[in-house]
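Let's take a walk through this model together. Keep the sequence and the 3D view open side by side as you read.

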Amino acid sequence: MYDDHYGLSGRPFQLTPDPRFWFDTATHRKAMAYLGYGLSQGEGFIVITGDVGAGKTTLVGHLMATVDRDRLHVIKIVSTQIEAEDLLRMVAGGLDLETAGMAKSQLLTAIERGLHAMARSGRRTLLIVDEAQALPISALEELRMLSNFQAGGHALLQIFLLGQPEFRERLHGSDRLEQLRQRVIAMHHLDPMGPEEVEPYMLHRLSVVGWQGRPRFTPDAFQALYRGSDGVPRRLNQLAGRVLLFGAIEQLDTIDARVVAAVIADIAGDSPVPKPAAYAEPAPMPISSAAAHYEPRPIRAVRDEPQHAGEDALTARIAALEARVEEQDAALRRVLTLLVDWVEGEQRPDLASVRAVSR
């Protein structure tokens with residue numbers, strides 16, 4: 001909808017990774033340097049971690065768009081708590097091997113032969129495992145074993161592991177992964193982009209789809225977009241897409257911080273998630289002085305009755321007190337109703353009515 005309204009050839013902030021929209025933030029540039037170094041070494045493990053939405057999948061997509069696929073055979077696996085033997089079968093599938101009915105020892109032999117065959121064809125093999133934090137230690141150990149396969153002193157398989165921050169902690173905290181740690185030749189954590197990177201990031205993505213300056217973004221809009229997303233690319237894309245949709249619906253040609261704040265409020269209302277810290281809850285609506293100073297009249301004290309007073313008299317006094325409490329509660333509700341009507345209707349309260357119900 002908004003792409004047609006603003007004359008764009010596509011959606012610049014779609015959540016599906018697209019190599020066309022690759023943008024070199026400082027942290028992604030560093031990650032690409034580590035990946036390039038790892039590919040030049042041709043062995044061991046490269047570990048890239050990042051929070052959800054940090055751009056790990058986009059990073060891999062960009063890498064795949066830059067490598068020579070005639071010289072590099074890539075096997076990509078998205079881990080969903082895959083057990084060790086299932087992981088081996090997925091690697092074998094990536095080598096186009098038929099492994100039905102094979103025992104684990106036969107499976108390993110078949111994978112080694114497949115890697116040798118790939119090397120003889122002049123292609124190296126790269127295994128990319130996404131969501132590595134979901135792998136059990138047994139599966140990680142199998143990956144380490146695969147990294148031992150060699151031919152003529154050269155590794156047959158190189159492995160990239162992508163995961164969320166807990167994978168990095170797990171890798172450093174488990175004694176059982178010591179041998180794998182020793183094979184890690186490079187590691188990098190993807191940080192969110194900085195405040196100064198939001199504007200060039202957005203303008204780049206907009207330019208890819210033919211943006212001609214409409215809508216115009218004010219400087220404070222970029223600041224608000226950063227605060228609303230914390231610089232996390234996926235969250236920024238989601239927010240920016242909603243902002244453009246809002247702008248198209250409202251026929252806006254300029255996007256400023258107020259527009260972004262309105263969209264953030266809409267998103268916060270869509271799901272029970274806390275608002276970003278930068279957008280605190282609004283201050284309470286001021287109420288009229290009459291309502292502010294309204295105090296229920298105190299309940300008359302009950303004088304001590306002689307111990308010989310009858311139960312009927314005591315029961316009557318309790319009933320009178322309960323009636324008085326109900327009366328004051330009803331009066332307070334009427335005052336609040338008048339105030340709510342005033343706030344929702346944006347009209348001044350009827351002070352005479354407030355005083356009347358408070359007596």
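## A helix held inside

Helix H6 is largely enclosed by the rest of the structure, because 7 of its 10 residues are buried. The buried residues of H6 are Ile137, Ala139, Leu140, Glu142, Leu143, Arg144 and Leu146. Please bear in mind throughout that this is a predicted model.

Two of the names in that list carry charge, and each is worth a visit. Start with Glu142, which has a relative accessibility of 9% and therefore counts as buried, the cut-off being under 20%. Which residue does Glu142 pair with in a salt bridge? The partner is Lys104, and the closest N and O atoms are 2.3 Å apart. Lys104 belongs to helix H5 (residues 104-120) while Glu142 belongs to helix H6 (residues 137-146), so this pair ties together parts that are 38 residues apart in sequence. The Lys104 end of the bridge is partly exposed, at 34% relative accessible area.

Now turn to Arg144, whose side chain meets that of Glu141 in a salt bridge of 3.1 Å, N to O. Here both partners sit in helix H6, and because they are 3 residues apart, about one helical turn separates them. Arg144 is buried, with a relative accessible area of 7%. Elsewhere, Arg20 and Asp18 also join their side chains in a salt bridge, again listed at 3.1 Å from N to O. In total, the structure holds 8 salt bridges.

Helix H5 deserves a second look, this time at Leu115, which is found in that helix. Is Leu115 buried or exposed? With a relative accessible area of 2%, Leu115 is buried. Setting aside residues up to four places away in sequence, Leu115 touches Leu95, Thr125, Phe149, Leu156 and Leu157. Take Leu157 from that group: Leu115 and Leu157 are 42 residues apart along the chain, yet their C-alpha atoms are separated by 7.3 Å.

For another buried residue, move to helix H3, where His62 lies. His62 has a relative accessible area of 18%, so it falls under the 20% cut-off and counts as buried. Apart from neighbours within four places in sequence, His62 is in contact with Trp22 and Met32.

Just ahead of helix H3 is a loop that takes us to the surface. Asp51 is found there, between strand S1 (45-50) and helix H3 (56-66). Asp51 is partly exposed because its relative accessibility is 39%, which lies between the 20% and 50% cut-offs. On the surface, Asp51 gathers with Glu166, Glu169 and Asp191 in a patch of negative charge.

Other loops reward a check of the backbone. Most residues other than glycine have a negative phi, and most peptide bonds are trans. With that in mind, look at Glu131, which is not a glycine but has a positive phi of about 55°. Glu131 lies in the loop between strand S3 (124-130) and H6, which brings us back to the edge of the helix where we began. At 24% relative accessibility, Glu131 counts as partly exposed.

Where does Asp230 lie? Asp230 is in the loop between helix H10 (219-229) and helix H11 (233-249). Its phi is near 60°, again a positive value in a residue other than glycine. Asp230 is partly exposed, its relative accessible area being 40%.

A cis peptide bond completes this group: the bond from Arg214 to Pro215 has omega near 5°. Pro215 itself is placed in the loop between helix H9 (195-208) and strand S8 (216-217).

Finally, step back to see the protein chain as a whole. How many helices and strands are there in the protein chain? There are 15 helices and 9 strands. Of the chain's 359 residues, 42% count as buried. The chain exposes about 20100 Å², and carbon and sulfur atoms supply 51% of that area. Among contacts between residues at least 6 apart in sequence, 73% join residues at least 24 apart. The Lys104 and Glu142 salt bridge, which ties together parts 38 residues apart in sequence, is a good place to return to with that picture in mind.

Key:
Residues numbered from 1 in each chain as written. Predicted model: local features only at pLDDT ≥ 70, side-chain atom pairs only at ≥ 80, totals over all residues. Heavy atoms only, no water. Patch = residues over 30% accessible without salt bridge, like charges linked within 9 Å, V, L, I, M, F, W, Y side chains within 5 Å. Areas by Shrake-Rupley, 256 points an atom, 1.4 Å probe, with all protein chains shown as cover. Salt bridge = Lys/Arg side-chain N within 4 Å of Asp/Glu carboxyl O. Lys, Arg positive; Asp, Glu negative; His and termini not counted. Charge placed at Lys NZ, Arg CZ, Asp CG, Glu CD. Helix = DSSP H or I, 4+ residues; strand = E, 2+ residues; numbered from the N terminus. Buried < 20%, exposed > 50% of the residue type's maximum accessible area, 1.4 Å probe, protein only. Contact = heavy atoms within 4.5 Å.
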